[in-house]
Amino acid sequence: MARGWESKSIEDQIGDAEAAKEDQAKQTLSQQGRALENQRQNLLLSRIQIMGRLKAATNAQYRVQLELALEHLEKQLAELDQSP
């Protein structure tokens, strides 16, 4: 019986090592995914802020600047959504 337990222990160690490697690879991907999601959330918040300012803006030149900024944010969001 001792031999059976030893082989099981070795199998478990190998399985644990492989699982740790997979977890590390997933963490790297999830860190990149979290960074992209964080960037997307920041862009969305900026977009909401600009839209609020645009509703309240009365100066025509300021409105043009806000509209250009909104266009720029929309392009960034579209590029971010297209990235893998």
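## A starting point: E74

E74 is partly exposed, with a relative accessible area of 33%. The model that holds E74 is predicted. The partner of E74 is R47: the two form a salt bridge, and their closest N and O atoms are 2.4 Å apart. R47 sits in helix α1 and E74 in helix α2, so the pair ties together parts 27 residues apart in sequence. R47 is partly exposed too, at 26% relative accessibility.

## The chain as a whole

The protein chain has two helices and zero strands. It is 84 residues long, and 11% of them count as buried. The accessible surface of the chain is about 7,200 Å². Carbon and sulfur atoms account for 54% of that surface.

How do contacts spread along the sequence? Take the contacts between residues at least 6 apart in sequence: 50% of them join residues at least 24 apart.

## Helix α2

Helix α2 covers residues 60-82, which makes 23 residues. From its first C-alpha to its last, α2 reaches 33 Å. That is close to the 33 Å expected at 1.5 Å a residue.

The start of α2 has a polar feature. There, a side-chain oxygen of N59 comes to within 2.9 Å of the backbone nitrogen of Q61. Further along, α2 carries a set of buried leucines: L66, L70, L73, L77 and L80. V64 also lies in α2. V64 counts as partly exposed, at 45% relative accessibility. A residue is called buried under 20% relative accessible area, so V64, at 45%, is not buried.

## The nonpolar core

Which residues make up the largest nonpolar core? There are nine: L43, I50, L54, A57, L66, L70, L73, L77 and L80. Helices α1 and α2 each supply at least two of its residues. The largest share, five residues, comes from α2.

L43 is one member of this core. Leaving out residues up to four places away in sequence, L43 touches L73, Q76, L77 and L80. Among these partners, L73, L77 and L80 belong to the core as well.

## L54 and its surroundings

L54 is found in helix α1. Is L54 buried or exposed? L54 is buried, because its relative accessible area is 14% and the cut-off for buried is under 20%. L54 is another member of the largest nonpolar core.

Neighbours within four places in sequence aside, L54 is in contact with R63, L66, E67 and L70. Two of these partners, L66 and L70, are buried residues of α2. E67 is 13 residues from L54 along the chain, and their C-alpha atoms are separated by 7.5 Å. V64 gives a second distance: ten residues along the chain from L54, with 9.1 Å between the C-alpha atoms.

## The salt bridges

How many salt bridges does the structure hold? The structure holds two. Side chains of opposite charge can pair when their charged atoms come close.

One is the R47 and E74 pair, described at the start. The other joins D81 and R40, with the closest N and O atoms 3.2 Å apart. This pair links distant parts of the chain: D81 is in helix α2, while R40 is in helix α1, which covers residues 2-56. The two residues are 41 residues apart. D81 is partly exposed, with a relative accessible area of 48%. R40 is partly exposed as well, at 27%.

## Putting it together

Helices α1 and α2 meet in two ways. One is the core, to which each helix gives at least two residues. The other is the salt bridges: R47 in α1 pairs with E74 in α2, and R40 in α1 pairs with D81 in α2.

Definitions and conventions. Residues numbered from 1 in each chain as written. Predicted model: local features only at pLDDT ≥ 70, side-chain atom pairs only at ≥ 80, totals over all residues. Heavy atoms only, no water. Helix = DSSP H or I, 4+ residues; strand = E, 2+ residues; numbered from the N terminus. Expected span 1.5 Å × (residues − 1). Buried < 20%, exposed > 50% of the residue type's maximum accessible area, 1.4 Å probe, protein only. Polar contact = N/O pair within 3.5 Å; in protein donor to acceptor, adjacent residues only side chain to side chain. Contact = heavy atoms within 4.5 Å. Areas by Shrake-Rupley, 256 points an atom, 1.4 Å probe, with all protein chains shown as cover. Salt bridge = Lys/Arg side-chain N within 4 Å of Asp/Glu carboxyl O. Core = buried A, V, L, I, M, F, W, Y, C linked by side-chain atoms within 4.5 Å.
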